[in-house]
Each structure stands twice: as structure tokens, then as C-alpha cells.
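The exercises below ask for a careful reading of a structure, each followed by a worked solution.

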Amino acid sequence: MSASPAVEAIVESEYEHGFITEIESDTFLPGLDEGVVRAISARKGEPEFLLEYRLKAFRHWQTLATPRWAHVHYPEIDYQAISYFSAPKSKDGPKSLDEIDPALRETYNKLGIPIEEQMALSGIAVDAVFDSVSVATTFRTKLAEAGVIFCAISEAVHDYPDLIKQHLGSVVPHTDNFYAALNAAVFSDGTFVYVPKGVRCPMELSTYFRINARNTGQFERTLIVAEAGSHVSYLEGCTAPMRDENQLHAAVVELIAMDDAEIKYSTVQNWYPGDAQGRGGIYNFVTKRGDCRGARSKISWTQVETGSAITWKYPSCLLRGDDSVGEFYSVAVTKGRQQADTGTKMIHLGRNTRSTIVSKGISAGEGQQTYRGLVRIAAKAQGARNHTQCDSLLIGDRCGAHTFPYIEVKNPSAQMEHEATTSKISDDQLFYCRSRGLTTEDSVSMIVNGFCKQVFNQLPMEFAVEAQKLLSISLEGAVG
Amino acid sequence: MLSVKGLKANVGDKEILKGLDLEIGRGEVHAIMGPNGSGKSTLAHVLSGREGYTVTGGSVTFEGQDLLDLEPEARAHLGLFLAFQYPVELPGVNNTYFLKAALNAIRKARGEPELDAVSFLRLMKEKLKVLHLDDSLLKRPVNFGFSGGEKKRNEIFQMAILEPKLAILDETDSGLDIDALRIVADGVNALRSPERSVILVTHYQRLLDYIQPDYVHVLAKGQIIRSGGKELALELEDKGYGWLGAEEAA
């Protein structure tokens with residue numbers, strides 16, 4: 001088989017840099033102290049300002065206690081037992097697909113993921129994922145022409161230090177919460193996007209097309225800056241379940257939208273939820289926040305969460321600019337022993353700011369799901385409006401759905417709407433579908449997809465199709 | 001094609017069907033009439049395989065197969081169709097999408113090739129024409145927010161697309177005004193064919209003014225107590241169910 005020059009270049013460059021030895025020597029021993037933070041920064045050759053930032057965050061983190069208000073239960077995490085600088089692909093990883101959990105492989109096949117990609121996703125060292133490499137190369141050229149910066153945040157620190165210095169931590173400060181502080185101290189890598197003034201990003205940006213983004217480790221950091229009048233759509237994650245050796249994930253995502261700018265951030269999260277007893281699944285503790293800094297700016301979060309043992313995340317919008325708009329569309333699925341406490345915060349500061357929240361929670365098996373949302377209208381936010389719709393769907397009788405809406409209104413001109421429903425897939429609905437020839441599973445999948453339609457409609461086309469498929473697979477066997 | 005022999009069925013502890021016999025041949029239209037609580041809807045549900053009913057005796061064969069052993073979807077694959085008395089709402093599920101999935105599930109089970117979007121749309125247009133319906137219902141979620149008449153029309157439209165061998169219409173006339181009734185009845189008549197049998201379950205003779213049955217059966221206390229031609233329905237209209245000693249059945 002003859003490889004293309006681009007692929008050969010990558011294969012060779014890995015050897016050139018002594019790929020394997022580097023991993024072995026660069027995995028730190030478990031434990032976290034100031035020395036570890038300094039070592040991470042040194043290893044990445046970071047400028048002084050970033051080291052200072054990390055240290056400040058670390059010192060603050062030491063003063064914090066683990067938050068306990070979320071409606072989730074898990075054993076205490078020993079933060080000294082985690083290695084804070086390690087390449088996730090260790091030499092102990094699987095050598096071939098035969099070593100992968102057959103259930104996982106079946107899912108890959110159902111999703112129609114090509115074999116090379118299955119290997120990459122499940123952590124088997126492959127030379128290159130052929131399609132993605134070539135796609136990534138062409139995409140980069142096109143983006144550069146438009147003036148859009150799309151790179152690893154570790155690269156951006158060196159190539160665009162001023163932008164990083166100006167924006168990093170400006171939306172989610174290191175003092176924000178326990179996990180945000182931890183992330184700021186030890187973040188491994190992540191993505192940086194910068195869209196210059198008036199530029200409409202010529203394509204959907206996706207981590208899917210950036211191979212190195214797959215190995216950003218457990219403390220991922222994302223920063224997206226949209227200058228005045230610009231527009232960008234970013235897709236995070238992919239529908240395939242990813243193998244990961246890190247149990248704890250504490251990512252931080254910061255979005256900044258200036259005057260008339262628009263950022264659309266879509267996530268499909270499908271991490272390992274653990275086995276049937278709930279062992280070994282990923283803990284996903286994420287801080288995501290968008291800052292509508294400019295007038296008439298808009299930030300829209302869309303998420304489809306089907307994976308992880310525990311999900312703790314609240315993508316939020318700070319509506320500072322007058323007439324700015326925040327949106328949150330979410331589908332979260334918990335099955336087996338999964339737990340999710342998720343929702344959003346819409347903080348209305350500017351005049352005539354508007355926000356929309358549509359949350360669809362689906363629980364099956366013994367899954368526990370909580371919607372937690374805050375809508376705050378500040379005293380100066382004259383004419384602010386919010387519409388919240390929060391629907392839960394229960395499948396079976398051992399799961400749970402909980403809703404905790406918080407509403408704080410300090411301006412009498414505010415218009416608030418809150419709708420909440422909890423429903424079960426009724427026997428009538430199932431029988432109706434089955435009497436038309438559909439199997440129970442197809443019926444459930446159709447009813448659930450109907451339930452989620454409002455959210456799927458917000459996803460970019462191909463993503464929506466994948467998400468639907470993913471949902472069907474996730475709920476297979478959910479009804480006995 | 002359908003042979004029901006000595007069928008007994010319970011809901012909970014209560015016996016509703018008490019040894020019911022019914023023979024339906026290809027292309028025949030049978031009306032099953034009876035007072036409230038006589039077991040009409042139970043019969044429709046037991047035939048289509050709804051949960052919550054326990055068959056305690058008797059047999060049902062459809063096209064030579066034991067129907068009672070089959071899951072509801074397998075009965076649909078064989079060519080059985082139930083038009084619901086109360087069609088169920090499926091929020092967010094597009095009507096066209098639903099019907100295409102249903103038709104293709106049936107075709108697949110029969111080993112026929114699935115229809116692609118273009119062929120399916122063509123089929124839909126054709127059926128709309130036959131039934132004199134417009135396409136306004138097709139873009140909406142299944143039965144969601146439909147009026148009573150729209151729901152019943154949608155059932156008939158589904159029947160037209162799925163082309164069953166045996167259609168059971170469970171009190172399709174209930175809750176319809178005279179105009180809606182006429183539209184639904186015209187639809188059913190347009191779908192009559194020598195290949196398609198129909199069971200009309202109804203309380204009133206009114207529906208039979210529009211759909212002429214070949215046979216009329218009177219169901220009371222879980223049994224068929226009288227069978228005859230369409231003149232039996234007229235007699236019932238005149239004399240009431242009490243005439244047959246069925247009045248205390250409820």
C-alpha cells in the first residue's frame with residue numbers, strides 16, 4: 001500500500017521526535033504540588049505570564065473544597081493519586097482491536113466508523129488516520145486565507161501570546177470554582193480559535209479534524225474569541241465512544257463574542273459511561289461559559305450528552321452587551337447507572353438581552369438526571385427576556401428526573417417564562433407504533449428522537465444525523 | 001382469512017369475551033355492533049395484540065397463522081391494521097417520517113425492498129388523491145394537536161399507505177360530525193377491494209349508511225348473538241339493542 005506524501009511526512013516526523021521515548025520520560029509520577037505545576041509549564045516551554053497564572057490558580061485551588069451541591073454520588077477523588085502530565089496513550093494500551101471491549105466495537109460498527117478510525121479512537125497506535133490528515137491540511141490553508149486562527153492552545157501560547165494573555169481566564173477566572181481552578185493550574189492542552197473582525201468563518205470548525213486534539217488529556221482548555229461582526233461555528237467531540245485512561249475530566253471552555261459577533265458551540269459527548277455496575281466510567285466536570293461582551297452579540301450552546309458516568313456541567317452565557325442573545329439547547333441521556341447534573345446559567349446584565357433554554361432530559365435504567373438552571377436578571381437589565389423549557393422523559397420505573405430552576409429577577413421589566421414537563425413513554429404510544437409495524441426499539445427511538453427534535457434542529461446537519469443515530473444506539477435495550 | 005373460534009379474553013379478573021366466533025373472508029366488510037361494554041373494543045385490541053388482555057381460551061388464525069402468538073408488529077407485517085378509536089399523539093415525530101418508517105418496516109419484514117424518499121413521496125401523493133385529502137397533515141407531528149376529525153382522517157390515510165389485508169376500524173365514527181364522517185367513510189370506500197377485508201366496530205348504525213357492510217354481527221355480553229346482512233343494522237336502529245335481549249350487557 002502506498003501512502004500519500006502527507007501521511008509519510010507525519011509518520012516520519014513522529015520517529016524524528018522520538019515519539020515513544022518522549023512519552024515514557026514525560027509521564028509524571030502521581031501527585032500535585034507547586035513543583036508539578038512548574039514542571040508542566042517548563043515542559044511546555046511556556047512564557048512567564050502563563051506560569052504565574054498557573055501558580056496563582058494552584059494556590060487558590062488549595063484553599064477550595066470539592067463542591068458537593070450537585071445531585072450526583074461518587075467516591076471521593078484522591079487528587080494526589082492522579083498524574084498531571086501524562087500522554088494518554090501509554091505502552092499498556094491495547095495492541096489491536098481484538099483487545100477492545102466487544103460492546104464498544106459493536107457500537108463503532110453501528111455508527112459506521114472506518115476501521116482506521118476505530119483504532120485511533122480506542123487508543124491503538126496507528127500511523128495516521130488517513131482521511132483526517134488530508135482534510136486537516138486543506139482546511140488549514142482555507143482558514144489561513146480567511147485570517148482565522150485555529151490551533152492547539154499550546155501552540156497559541158507561543159505564536160499569539162498577546163491574545164492568550166488578554167483573553168485566557170477572562171470569562172472563567174481561576175477563582176471561579178474548584179474544577180476551574182484545578183484546570184487553570186494544570187491544563188494539558190486544548191483549542192484556540194480567533195476570528196478577526198467581520199470575518200465569517202468559512203467552515204464548521206471541529207476538533208474531529210485535528211488529530212492532536214484527541215489527546216488533549218484530562219484537563220482540556222478551549223478559548224474562542226470572535227471579534228466584532230464575526231461568525232463561527234465550533235463542533236466539539238464526536239459520536240464515537242472514546243477510550244480514555246483518565247477517569248477525571250475537568251475541562252474549561254471560554255467563549256468571547258464582541259459587538260454583533262456570533263458563536264455557535266455544539267457538543268456531542270459520548271465518553272465511556274462505565275460497565276453495567278457503573279465501574280470505570282468517566283467523571284466529566286466541565287466549566288463552560290460564553291461572554292456576550294459586545295452589543296447584539298450571540299452565543300448559542302447546543303449539547304448532546306450521552307456518555308460519562310457522571311456529568312457535571314452548565315454551559316452558561318454572560319449577557320453583558322445590550323441586545324445580546326444567549327441560547328442553550330441540551331439533550332442529556334442517562335442510562336444504566338449514569339448520573340448527570342447539567343443545565344445552564346443565563347446572566348442578564350445588558351439591556352434588552354434575551355435568552356432561550358431548551359433542555360431535554362432522558363433517563364432510562366437506573367439513570368439519574370438533574371436539570372439545574374439559573375436565570376438572573378440584573379437591576380440594570382431593562383427589558384430582559386427569558387424563555388425556559390425543561391422536559392424530562394422517563395423510560396422504565398427505576399430512573400429519576402429532577403429539576404432545580406433558580407430564577408433571580410432584580411428588574412421589574414423582565415419577562416420570564418418557564419415551562420417544565422415530565423413524561424413517560426406511554427404504553428399507548430408504544431402500542432400505536434408497534435401496531436404500525438415498528439419494533440419496540442424502533443418505536444422508542446422514534447419517540448425519543450421526536451422528543452429531542454427541537455434540540456437536534458439546532459445542530460449542524462451531519463452532526464444531527466449522527467446524534468440521532470447515537471441516541472438510538474444509546475437507548476437500545478432500554479425498554480424490556 | 002380470519003377465523004376466530006371460541007375466543008375468551010380477560011381484562012384483569014374480568015372476563016370480557018366469552019367464547020366469540022367470527023369468520024371473515026377475503027374482501028368482505030363486516031360490521032360489529034353492540035351496546036357499550038359488550039366487548040367490541042376488547043375484540044379489536046385482542047386481535048391487534050395490545051397488552052393488558054389475557055386470552056383464556058379459543059383461537060385466532062389469520063391467513064392460516066396463529067395470530068395470538070405474534071407480537072403486534074408481526075401482526076402488522078402480516079397485513080393487519082387497527083384504526084384507533086383514540087389515535088395516539090407522538091410529539092416531534094413527523095407524520096411523513098413515521099409512515100415511511102412503518103411502511104418500510106413492513107416491507108422489510110416481507111422481504112420486499114424498502115422505498116426511498118422519492119418513491120415514498122410519489123406513493124403519498126397518489127394516496128392523497130384517492131382519498132381527496134390535502135397534504136397539510138403530513139408535515140405535522142403524528143396526531144399532535146390534530147382535531148378529532150383530523151386524527152381519524154390520518155388513520156385512514158395510514159391505512160391507505162400501509163395497504164393492509166385486514167383493517168379493523170375501532171369506532172372510527174365516534175366523535176365525528178356528519179361532514180367528517182362522510183370524508184372518513186368515503187376514504188374507507190375508496191380503499192375497498194376484493195383483496196382487503198374490513199371489520200367496522202361501531203355503536204351506531206349511522207356509519208353503515210355510508211359504508212355498506214356485507215355482514216352485520218351483534219356483540220353482547222362477550223358473544224356474537226346475532227349475525228345477518230345489512231338489513232340487520234336497520235332493524236337494530238329501529239328496535240334498539242333491547243330487542244335482542246342485549247340491553248343489560250353493560
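Buried means under 20% relative accessible area, exposed over 50%, and partly exposed in between, with a 1.4 Å probe and protein chains only. The model is predicted, so that local features need pLDDT of at least 70 and side-chain atom pairs count only at pLDDT 80 or more, while totals for chains, interfaces and linings use all residues. Residues are numbered from 1 along each chain as its sequence is written, chains are lettered from A and ligands numbered from 1 in the order in which they are written, and side-chain values use heavy atoms, leaving out hydrogens and water.

**Exercise 1.** Determine how many disulfides the whole structure has, and examine A:Cys317 and A:Cys399.

*Solution.* A disulfide is taken as a pair of cysteine sulfur atoms within 2.5 Å, and a search over all chains finds zero. The closest cysteine sulfur to that of A:Cys317 belongs to A:Cys292 and is 5.5 Å away, too far for a bond. For A:Cys399, which is in no disulfide, the nearest cysteine sulfur is that of A:Cys452, at 14 Å. A:Cys317 is buried at 0% relative accessibility, and A:Cys399 is buried with a relative accessible area of 12%.

**Exercise 2.** Identify which side chains make a polar contact with the side chain of A:Thr334.

*Solution.* A polar contact is a pair of N or O atoms within 3.5 Å; within protein, one must be able to donate a hydrogen and the other to accept it, and residues adjacent in sequence count only if both atoms are side-chain atoms. The partners are the side chains of A:Ser363, at 3.5 Å, and A:Gln369, at 3.1 Å. A:Thr334 itself is buried, with a relative accessible area of 1%.
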